[in-house]
Amino acid sequence: NVESTFEPYATCDALIGIYDKKYQESPEDLDLLKKITKILKKKKCTGSDLFFNATEKLYTLEPTPNAAMLMGKMLIEKEDYSGAAKYMEEAVDMIEQDREKADILSDLGKIYYKLNQYPKARTYARKALALNPSDGMSYILIGDMYATSADDCGDNELTKKVAYWAAVDKYVQAKKADPELTELANKRIATYS
């Protein structure tokens, strides 16, 4: 009862202090590992060693889609994008629910964008949009790829700018799909218009 009352108000340091000791005592307790990863993810304490260790152990003991996704997100935080891609691709193959699959596909798009593999990133972003048309971040990602590669397009100053038109179109689509992204999309529209 004390834990359930305390957890919503606890800081990351306090939660890590509590759960690290429990983890050290029972590192193979599946229920404990699930609880640790769930609460640390919910409280956005995913940069901690405890989260990393608990997630890795959970995945080793029970390689579920959720554990694979957590491993991928954890590696994204550590900027190990190649490792993250491996786990996210594994997770997307195991998940059947469209909404969760769309979220992972969107993450894969972002991962491959970071790895400068734009065709693969765009493919995953489009797959995410096919499952979840209101995923504005995937439109933003596609627009960012167009804008980043604009200098590689065309053979003169005018035709090199055409990619910015396509990027702005994607930012407009992002605002329509997810109104919460309006400010972000407007900044990019202002930059590339």
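Of the 193 residues in the chain, 40% are buried in this predicted model. The accessible surface comes to about 10900 Å², and carbon and sulfur atoms account for 50% of that area. Along the principal axes, the C-alpha atoms fill a box of roughly 65 × 30 × 25 Å. Among the contacts with a separation of 6 or more, 48% join residues that are 24 or more positions apart.

The secondary structure is pleasantly simple to read: the chain has 11 helices and 0 strands. Followed along the sequence, the pattern is α-α-α-α-α-α-α-α-α-α-α.

Helix 7 is a good place to look more carefully. This helix covers residues 98–114, a run of 17 residues. From the first C-alpha to the last, helix 7 reaches 24 Å, close to the 24 Å expected at 1.5 Å a residue. Its buried residues are A102, I104, L105, S106, D107, L108, G109, I111 and Y112. Several other helices help to cover them, including helix 5 (65–77) and helix 6 (81–94), which come before helix 7 in the numbering, and helix 8 (118–131) and helix 9 (136–148), which come after. Beyond the end of helix 7 comes N116, whose phi is positive, near 60 degrees.

A single residue of helix 3 can be followed in the same manner. T37 is found in this helix, which takes in residues 30–42. Is T37 buried or exposed? T37 counts as buried because its relative accessible area is 3%, under the 20% cut-off. Setting aside neighbours within four places in sequence, T37 is in contact with F51, A54, T55, L58 and L70. The side chain of T37 also reaches the backbone oxygen of K34, at 3.1 Å.

The surface offers a contrasting view in helix 10, which spans residues 157–177 and contains V162. With a relative accessibility of 35%, V162 counts as partly exposed, because that class lies between the 20% limit for buried and the 50% limit for exposed. Together with L158 and W165, V162 makes a nonpolar surface patch of about 320 Å². A general feature of helices is useful to remember here: an α-helix has 3.6 residues a turn, so residues three or four places apart point the same way.

Notes. Residues numbered from 1 in each chain as written. Predicted model: local features only at pLDDT ≥ 70, side-chain atom pairs only at ≥ 80, totals over all residues. Heavy atoms only, no water. Patch = residues over 30% accessible without salt bridge, like charges linked within 9 Å, V, L, I, M, F, W, Y side chains within 5 Å. Areas by Shrake-Rupley, 256 points an atom, 1.4 Å probe, with all protein chains shown as cover. Salt bridge = Lys/Arg side-chain N within 4 Å of Asp/Glu carboxyl O. Helix = DSSP H or I, 4+ residues; strand = E, 2+ residues; numbered from the N terminus. Buried < 20%, exposed > 50% of the residue type's maximum accessible area, 1.4 Å probe, protein only. Expected span 1.5 Å × (residues − 1). Contact = heavy atoms within 4.5 Å. Polar contact = N/O pair within 3.5 Å; in protein donor to acceptor, adjacent residues only side chain to side chain.
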